[in-house]
Amino acid sequence: MIELRELTKRYGRTTAVDRLTLTVRPGHVTGFLGPNGAGKSTTLRLILGLHRPTGGTVTVAGRPFAERPRGLRHVGALLDAGDVHPGRSARAHLAALARSNAIGRTRVDEVLHEVGLATVAGRRVGGFSLGMKQRLGIAAALLGDPPALLFDEPFNGLDPEGVRWVRGLFRRLAGEGRTVLVSSHLMSEMAQTADHLVVIGRGELVADESLPAFAARSARPQVVVRTPDPARLTAATRAAGGRVTADGDALTVTGLTAAELGDLAGARGIPVHELATRSASLEEAFMDLTADRVDYLAGEQR
Ligand SMILES: Nc1ncnc2c1ncn2[C@@H]1O[C@H](COP(=O)(O)OP(=O)(O)OP(=O)(O)O)[C@@H](O)[C@H]1O
């Protein structure tokens, strides 16, 4: 279990993490989502004691992580897959980590095998692809057989087979009762990976709920209607309590059903060329939720 209480980190005038209070529970894959710059990596570093908080506390299994000797036995983490000495072999890299954490040497070959790097274990890491480095980072996280695991953007550089493997691995680790926290800025990745979601924006907590609860947010149906008279239909829809966004002759409406909208248009003699109901995607629910907390938007949208 990982517990954050009012956790805050400021860098000069930037508040990277803002009074974050949440509990990451064992037995789940918790997706840690937020747009670029939301504060995900900073939070993971605070959990690991790599940065000191400006305020608040964070504990792993009841204690600050930095107080624990042989840390890899308590928390395994993949933060930056590129952060490995390029001249070392994969096996030597893991062996050094094992030694400094009093982990038996046989474990090195076990995890190399588990992540699919056994056949290249003697090769220099400098020649590894990003996907291979991600696998090595995952091997390092698994090395101490820890009860809690943190992964920062673990899908980067993985091919589809790798992505599927990582998803299966996370589910298995959670199924064994471990605490698994996985950061990503892509909802699409998390939708198929996590069963619980924590969403942050500009360092603040925006959502902390199960995936089905999050999906229910996006279940709010929208009606898309095409009309040669969008101005009149927009006014009539708003007067009837609907919310409208217009894009040329297409209106997207929430708050009214397709039947209500069709009747409304018919009663006023407004022609309708198309009328359809659709559900918003998880991706749209995520963007809706974080829309006013995005630091880096493409120029025209700003
Ligand atoms: N060492 C640092 N010094 C100054 N500012 C920092 C430092 N680390 C992070 N920040 C700032 O804190 C904010 C949060 O950054 P962080 O890397 O934690 O976000 P993130 O959610 O992981 O983003 P991304 O998805 O882009 O990796 C950003 O505004 C970033 O510029």
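**Entry 1: terms and the ligand shell**

By helices and strands I mean DSSP runs numbered from the N terminus, a helix being H or I over at least four residues and a strand E over at least two. With that settled, I asked which element gives the most to the shell around the ligand. I found that helix 1 does, with three residues. I'm keeping in mind that this is a predicted model.

I then listed the residues around the ligand: Y11, T14, A16, G34, N36, G37, A38, G39, K40, S41, T42 and H185. Two elements, strand 2 (14-24) and helix 1 (40-47), give two or more residues to that shell. By class I get three nonpolar residues, eight polar and one charged.

**Entry 2: helix 1 by itself**

Since helix 1 came out on top for the shell, I checked its burial. Is helix 1 mostly covered or mostly open? It is mostly covered, with six of its eight residues buried. The buried ones are K40, T42, T43, L44, L46 and I47. I see K40 and T42 in both lists, as they are also among the residues around the ligand. Just after the helix comes G49, and its phi is positive, near 70°.

**Entry 3: whole protein**

I stepped back for the overall numbers. I count 10 helices and 13 strands in the protein. The C-alpha trace spans about 80 × 45 × 35 Å along its principal axes. Of the 302 residues, 35% count as buried. Taking contacts with a separation of 6 or more, I get 69% from residues 24 or more positions apart.

The division is into domain 1 (2-209) and domain 2 (220-279). How far apart do the C-alpha centres of domain 1 and domain 2 lie? I read off 46 Å.

**Entry 4: the six-stranded sheet**

Next I traced an open sheet of six strands, in the order 5-6-7-3-8-9, with mixed pairing. Why is one side of strand 5 and of strand 9 left without a neighbour in the sheet? Strand 5 (75-78) and strand 9 (204-210) stand at the edges and each has a single partner strand, so one side of each stays unpaired there. Neighbouring strands in this sheet are turned against each other by 15° on average, ignoring direction.

I looked at two pairings in detail. Strand 6 (residues 148-152) runs parallel to strand 7 (residues 179-184), with five bridges between them. Within that pair, L149 sits opposite V180 of strand 7. Strand 8 (residues 196-201) pairs with strand 9 in the antiparallel sense, over six bridges, and there V199 faces A207 of strand 9. Strands 8 and 9 make a hairpin with two residues between the strands, and R202 in this hairpin takes a positive phi near 45°.

**Entry 5: helices on that sheet**

I checked two helices against these strands. Helix 4 (residues 130-142) packs on the sheet, where it touches strand 5 and strand 6. I get about 170° between the direction of helix 4 and that of strand 5. Helix 5 (residues 160-175) lies across strand 3 (29-33), strand 6 and strand 7. Against strand 7, helix 5 runs at about 150°.

**Entry 6: around strand 12**

Then I moved on to strand 12 (residues 250-254). Which side chains of strand 12 point to the buried face? They are L251 and V253, while A250, T252 and T254 point to the other face and are not buried.

For its partners, I found strand 10 (residues 221-226) pairing with strand 12 in the antiparallel sense over four bridges. V224 has T252 as its bridge partner. Strand 11 (residues 243-247) is also antiparallel to strand 12, over five bridges, and D247 has A250 as its bridge partner. Strands 11 and 12 form a hairpin with two residues between them. G248, in that turn, has a positive phi of about 65°.

**Entry 7: one loop glycine**

Last, I picked out G241, in the loop between helix 8 (230-239) and strand 11. Why does G241 count as exposed? I find 9 C-beta neighbours inside 10 Å of G241, and the cut-off for exposed is 12 or fewer. I also took a C-alpha to C-alpha distance: G241 and G168 are 45 Å apart in space, and 73 residues apart in sequence.

Technical notes:
Residues numbered from 1 in each chain as written. Near = placed C-beta within 6 Å. Nonpolar A, V, L, I, M, F, W, Y, C, P; charged D, E, K, R; others polar. Domains from an automatic or database assignment. Pairing = 2+ DSSP bridges. Axes fitted to C-alpha atoms, helices over the stretch in contact; angles between N-to-C directions. Contact = placed C-beta atoms within 7 Å. Buried ≥ 20, exposed ≤ 12 C-beta atoms within 10 Å, placed from the backbone.
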